Amino acid sequence: MRSSFFFGTGFALAGALTLWSCGGGGGTTSSAPTTPTPAPGPVATTVTVNIVGSIGNQAYRPNPASANAGDTVMFRNNDSTMHHIVMNDGTADLGEVAPGAMSRGVMLRNTTAANYHCTIHPSMVGSINGATAPDPAPCPDPYGYGCN
Ligand SMILES: [Cu+2]
């Protein structure tokens with residue numbers, strides 16, 4: 001009985017010391033088994049489309065642009081005139097974009113091709129996630145003003 005009593009006490013004391021040293025040593029968890037982290041999903045980013053002119057489907061770069069669901073697409077006006085970008089499906093009006101300015105952003109809900117155009121220059125057409133740049137709209141001005 002006496003020896004088992006001491007054995008039990010020693011065991012308990014060792015266990016207490018182990019706990020104490022773990023807590024006193026900073027409690028690092030670096031030795032814990034690492035669980036594989038799932039592959040990170042795509043991080044939402046801002047995709048910038050540059051407005052480089054007023055010439056139909058050549059007015060934007062890149063065109064088509066590619067973006068992921070959740071990304072925000074913005075337009076930077078690198079041209080010398082005002083443009084006004086709207087989504088063709090009416091989901092977003094990005095407002096007028098002055099030369100040198102950045103438009104408001106439109107956040108994509110999915111990666112379905114979304115086309116847009118400029119209300120000031122209707123031939124200025126572009127696409128986000130389209131297979132190809134859309135054909136420019138017919139020029140509404142008989143003299144081609146604003147189209148090329
Ligand atoms: Cu325009």
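**Reading the calls in this copper-site model**

Reader: Why is G90 called exposed?

Author: The relative accessible area of G90 is 62%, and the cut-off for exposed is over 50%, so G90 counts as exposed. Do keep in mind that this is a predicted model. G90 sits in the loop between β4 (83–87) and β5 (93–97). Its C-alpha is 9.1 Å from that of Y116, though the two are 26 residues apart in sequence.

Reader: What makes β4 and β5 a pair of strands?

Author: Pairing asks for at least two bridges. β4 and β5 are joined by three and run antiparallel, so they count as paired. One of the residue partnerships is that of H84 with E96 in β5.

Reader: Why are β5 and β8 called edge strands?

Author: The open sheet has four strands in the order β5-β4-β7-β8, with antiparallel pairing. β5 and β8 (125–128) each have a single partner strand, so one side of each has no neighbour in the sheet. Ignoring direction, neighbouring strands here are turned by 20° against each other on average.

Reader: Let's turn to the metal. How do you know which residues are the protein donors of the copper ion?

Author: A donor must be an N, O or S atom within 2.8 Å of the copper ion. H83 (ND1), C118 (SG), H121 (ND1) and M124 (SD) lie 1.9 to 2.7 Å from the ion, so they qualify. Along the chain the donors are spaced as H-x34-C-x2-H-x2-M, and both C118 and M124 are buried.

Reader: Why is the site of the copper ion called irregular?

Author: The angles among the four donor atoms run from 87 to 136°. A tetrahedral site needs all angles between 85 and 135 degrees, and 136° falls outside that range. Square planar would need opposite donors over 155 degrees apart, which these angles do not reach. The site is therefore irregular.

Reader: And what makes Y60 and F75 an edge-to-face pair?

Author: Their ring centres are 6.1 Å apart, and the limit for a pair is within 6.5 Å. The planes stand at 70°, and edge-to-face begins over 60 degrees, so the pair is edge-to-face. Y60 belongs to strand β2 (residues 60–61) and F75 to strand β3 (residues 72–77), so the pair ties together parts 15 residues apart in sequence.

Reader: Why do Y60, F75 and Y116 count as one aromatic cluster?

Author: F75 also pairs with Y116, edge-to-face, at 4.8 Å centre to centre and 70° between the planes. Y116 lies in strand β7 (residues 114–118), so this pair links parts 41 residues apart in sequence. Together Y60, F75 and Y116 form one cluster. Y60 and F75 are both buried, and Y116 is buried too.

Note on methods
Residues numbered from 1 in each chain as written. Predicted model: local features only at pLDDT ≥ 70, side-chain atom pairs only at ≥ 80, totals over all residues. Heavy atoms only, no water. Helix = DSSP H or I, 4+ residues; strand = E, 2+ residues; numbered from the N terminus. Buried < 20%, exposed > 50% of the residue type's maximum accessible area, 1.4 Å probe, protein only. Donors = N, O, S within 2.8 Å, 3.2 Å for Na, K, Ca; no water. Tetrahedral: all angles 85-135°; square planar, octahedral: opposite > 155°, others 65-115°. Axes fitted to C-alpha atoms, helices over the stretch in contact; angles between N-to-C directions. Phe/Tyr/Trp six-rings, centres within 6.5 Å; stacked < 30°, edge-to-face > 60°.
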